[in-house]
Amino acid sequence: MRTERTETENSVIAMNEKSLGFIGGGRITMILLSALKKCGSLPAQVVVSDTNADILGKLQQRFPGVRTIAGGNVVAAQQDIVFIALHPPSAGEVLKSIKDTIRKDAVVVSLMPKLTAAQISGMLGGFSRIIRIIPNAAAIIGNGFNPVVYPAGFLPQEKKAMMQFFSAFGTCPEVAEGKLEAYAVITAMGPTYLWFQLYELEALARSFGMTQTEAALAVRQMAEGTLQTMEGSGLAPEGVMDLVPVKPLGTDEAAILAAYREKLPGLYAKLKN
């Protein structure tokens with residue numbers, strides 16, 4: 001009978017004992033709490049603050065053990081790990097209001113694009129234990145692609161513990177901070193470029209006589225195989241796209257590409273400036 005725990009197990013247990021505070025209770029907070037709950041890593045003490053009581057009510061229904069507060073951010077900011085889930089334009093005032101509340105040994109995790117760790121530190125009165133992460137929606141099932149930037153002064157064991165904690169959200173590669181906004185446009189917002197098309201294909205498949213189950217399986221397997229072919233075929237992009245001779249939307253490709261090329265660079269520039 002084994003009695004000793006591995007270093008990884010001890011790290012997981014230690015992180016599960018940490019308290020979490022979320023300043024902002026919107027979609028991304030729901031996504032991350034869902035991921036933690038799914039893998040059994042939701043700590044006993046989680047506090048979420050938001051100005052919208054309806055948002056907090058929905059969170060409370062989904063996560064009954066989570067404490068929600070509509071009357072200020074002080075309690076959420078006093079936790080061991082404090083997630084900042086705000087829109088960047090409204091973050092400055094909130095961060096300045098909690099700068100004297102955050103504990104010196106806490107970790108602040110910014111879920112926001114645009115605001116750098118240095119800018120956030122300035123708003124928090126010089127606090128530097130700041131991690132930036134850009135989650136994507138698939139984190140809700142533990143399969144997200146969530147690039148992370150760690151502070152330079154982090155101790156190796158602290159970084160390792162946070163990496164283990166973030167694994168509940170999926171793949172969390174460490175990247176250069178200057179690339180986070182690119183990831184925000186490509187990976188965080190990327191599902192929105194594809195979902196409506198995939199759901200439309202499912203709807204069309206049903207209209208052609210497939211059952212709901214058949215349509216869902218067909219579209220999902222097709223999408224998965226499409227991605228695997230891009231990675232594993234050994235062909236250049238032109239060769240991959242030439243594997244299917246009939247292209248019903250071929251005459252529309254230019255317009256679709258134009259929409260990408262018109263909207264996404266502007267969005268990226270807005271996040272960087």
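User: How far apart are the mean positions of the positive and negative charges of the protein chain?
Analyst: The structure shown is a predicted model, and what follows is computed from its atoms. In the protein chain there are 26 positive and 24 negative charges. When the mean position of the positive charges is set against that of the negative ones, the two points are separated by 6 Å.

User: How many salt bridges does the structure hold?
Analyst: Side chains of opposite charge can pair when their charged atoms come close. One pair of this kind is Arg129 with Glu158, whose side chains meet at 2.7 Å, N to O. Counted over the structure, the salt bridges number nine.

User: Which parts of the chain does the salt bridge between Arg129 and Glu158 tie together?
Analyst: Glu158, at a relative accessible area of 22%, is partly exposed. The two partners sit in parts that are 29 residues apart in sequence, so their salt bridge ties those parts together. These parts are the loop between H6 and S6, which holds Arg129, and, for Glu158, helix H7 (residues 156–166).

User: Are the two partners in the salt bridge of Arg132 and Glu181 buried or exposed?
Analyst: The closest N and O atoms of Arg132 and Glu181 are 2.9 Å apart. Arg132 lies in strand S6 and Glu181 in helix H8 (residues 180–188), so the pair ties together parts that lie 49 residues apart in sequence. A residue is counted as buried under 20% relative accessible area. Arg132 has 1% and Glu181 has 4%, and for both partners the answer is therefore buried.

User: Which residues are linked with Arg132 in a network of salt bridges?
Analyst: Arg132 forms a salt bridge with Glu181, and both belong to a network of salt bridges. The residues linked with Arg132 in this network are Glu177, Glu181 and Lys272.

User: What separates Arg206 and Glu202 along helix H9?
Analyst: The side chains of Arg206 and Glu202 meet in a salt bridge at 3.9 Å, N to O. Arg206 is partly exposed at 35% relative accessibility, whereas Glu202 is buried with a relative accessible area of 5%. Because the two residues are four apart in helix H9, what separates them is about one helical turn.

User: Which residues make the nonpolar surface patch of about 400 Å²?
Analyst: One member of the patch is Leu204, which is placed in helix H9 (residues 190–207). Leu204 counts as partly exposed, at 34% relative accessibility. The patch as a whole is made by Leu201, Leu204, Phe208 and Met222.

User: Against which elements do the buried residues of H5 pack?
Analyst: Helix H5 spans residues 88–98, and its buried residues are Pro88, Ala91, Gly92, Val94, Leu95 and Ile98. They pack against two strands and two helices, namely strand S1 (20–23), helix H4 (74–77), strand S4 (81–84) and helix H6 (117–123).

User: Which residues does Leu267 touch, not counting residues up to four places away in sequence?
Analyst: Leu267 is found in helix H12 (residues 253–272) and is partly exposed, with 26% relative accessibility. Its C-alpha atom is 9.6 Å from that of Ala182, although the two residues are 85 apart in sequence. With residues up to four places away left out, Leu267 touches Val185, Met189 and Tyr193.

User: What is the phi of Lys114?
Analyst: Most residues other than glycine have a negative phi. Lys114, found in the loop between strand S5 (107–110) and H6, has a positive value. This residue is partly exposed, with a relative accessible area of 30%. Its phi is near 80°.

User: With which residues is Gly142 in contact, leaving aside its neighbours within four places in sequence?
Analyst: Gly142 is found in the loop between strand S6 (130–133) and strand S7 (144–145), and it is partly exposed, with a relative accessible area of 30%. Its C-alpha atom is separated by 23 Å from that of Ile130, which is 12 residues away along the chain. Once the neighbours within four places are set aside, the contacts of Gly142 are Ala168, Phe169 and Gly170.

User: What share of the residues in the protein chain is buried?
Analyst: The secondary structure of the protein chain comes to 12 helices and nine strands, and its C-alpha trace spans about 60 × 55 × 40 Å along the principal axes. Of the 273 residues in the protein chain, the buried share is 38%.

How values were computed
Residues are numbered from 1 along each chain as its sequence is written. This is a predicted model: local features need pLDDT of at least 70, side-chain atom pairs count only at pLDDT 80 or more; totals for chains, interfaces and linings use all residues. Side-chain values use heavy atoms; hydrogens and water are left out. Patches are made of residues with over 30% relative accessible area and no salt bridge: like charges are joined within 9 Å, nonpolar side chains (Val, Leu, Ile, Met, Phe, Trp, Tyr) within 5 Å. Accessible areas come from the Shrake-Rupley method with a 1.4 Å probe; for residues, only the protein chains shown count as cover. A salt bridge is a side-chain nitrogen of Lys or Arg within 4 Å of a carboxyl oxygen of Asp or Glu. Buried means under 20% relative accessible area, exposed over 50%, partly exposed in between (1.4 Å probe, protein chains only). Contact means heavy atoms within 4.5 Å. Lys and Arg count as positive and Asp and Glu as negative; His and the chain ends are not counted. The place of a charge is taken as NZ of Lys, CZ of Arg, CG of Asp or CD of Glu.
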